[in-house]
Amino acid sequence: MGIQAIRYTLPDSDEAFDAILKHSLIDMLTTMLNDTELENRRLALTTLNSAAHNKSDILLPRLGQLMPLVMKASVIQPELIREVMMGPFKHKVDDGLEVRKSAYETLYALMETSFSRINILDFYDRVITGLNDEHDIRSLCNLMLTKLVVLDSEETARRLDSIAECFRTILSTKLKDNAVKQEIEKQDEARKGVLRVSLLLHNAIPAASSNMGIATGQHQTWRTFWEWVEKDYEPQLRHIRDEGRDTGPTY
């Protein structure tokens with residue numbers, strides 16, 4: 001209750017209150033991010049998210065203390081995944097999913113407000129891993145990529161092969177014949193998201209898909225992926241390009 005209450009006070013601007021927060025907020029967040037209760041950790045992440053947007057000057061000096069805890073919260077914990085029976089079928093339930101989603105939302109907020117203080121190598125590791133996670137996390141990581149290619153184009157270029165492998169897996173996913181409407185819609189949305197970001201990365205780093213990339217021996221995986229996408233998904237790419245001309249870039 002306490003950590004949630006703090007979250008709703010953070011948008012307020014009051015010098016006396018900020019002076020108190022300066023001495024207590026980081027320790028409070030650290031304690032709650034280490035709490036044994038999943039819901040407490042999730043609420044701590046949402047509070048940190050709000051702090052990133054509203055009190056970044058308080059966070060920045062000790063961000064190095066908080067980032068490892070946020071990174072840790074974004075990791076899949078197999079012990080929190082269980083199987084339940086739904087009629088005759090077994091269904092996996094991930095009790096840690098909401099915490100992970102909150103962790104990725106917090107990473108996104110910190111990327112926007114405190115990018116210069118973030119270890120980009122560790123950050124990018126989590127983004128690439130997130131591309132293999134559940135639908136909502138994948139979508140958020142796609143959005144992060146659209147920002148990262150601007151914020152750090154060099155590291156994005158170095159990660160293109162890993163991105164291509166993740167994107168190929170998503171595009172190649174085949175649903176079961178008895179897939180429900182919601183699963184089909186999610187898969188369609190996932191494919192469209194991958195194609196949009198792939199086109200954006202191709203346009204932002206054209207050398208990776210060109211003869212220059214061949215000459216340097218770099219980005220072979222990305223180049224093969226892009227050639228496959230251009231061939232097999234040409235109508236979809238054309239539609240995305242047309243949308244961009246009509247409405248401006250859409251990510």
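Is Phe-225 buried or exposed? In this predicted model, Phe-225 has 0% relative accessibility, so it counts as buried. Its ring also turns up in a tilted pair with Trp-228, where the centres sit 6.1 Å apart and the planes meet at 55°. Both of these residues are buried. They also share helix α13, and because they are three residues apart there, about one helical turn separates Phe-225 from Trp-228.

Now for the wider search. Scanning the whole structure for aromatic pairs turns up four. One of them joins Trp-222 to Phe-225, again in a tilted arrangement, with 5.4 Å from centre to centre and 45° between the planes. Helix α13, which covers residues 220-232, holds both Trp-222 and Phe-225, and the two are three residues apart, or about one turn of the helix. As for Trp-222, its relative accessibility is 0%, so this residue counts as buried.

The pairs can then be put in context. Phe-225 is paired with Trp-222 and also with Trp-228, and these three belong to one aromatic cluster that also takes in Phe-167 and Tyr-233. A charged side chain comes into the picture at Trp-228: Arg-168 lies over the face of that ring, 4.5 Å from the ring centre. Trp-228 thus has Phe-225 as a tilted aromatic partner and Arg-168 over its face.

Conventions: Residues are numbered from 1 along each chain as its sequence is written. This is a predicted model: local features need pLDDT of at least 70, side-chain atom pairs count only at pLDDT 80 or more; totals for chains, interfaces and linings use all residues. Side-chain values use heavy atoms; hydrogens and water are left out. Rings of Phe, Tyr and Trp (its six-membered ring) pair if their centres lie within 6.5 Å; planes under 30 degrees apart count as stacked, over 60 as edge-to-face and the rest as tilted. Helices (H or I, at least four residues) and strands (E, at least two) are DSSP runs, numbered from the N terminus. Buried means under 20% relative accessible area, exposed over 50%, partly exposed in between (1.4 Å probe, protein chains only). A charge sits over a ring if NZ of Lys or CZ of Arg is within 6 Å of the ring centre and within 35 degrees of the ring normal.
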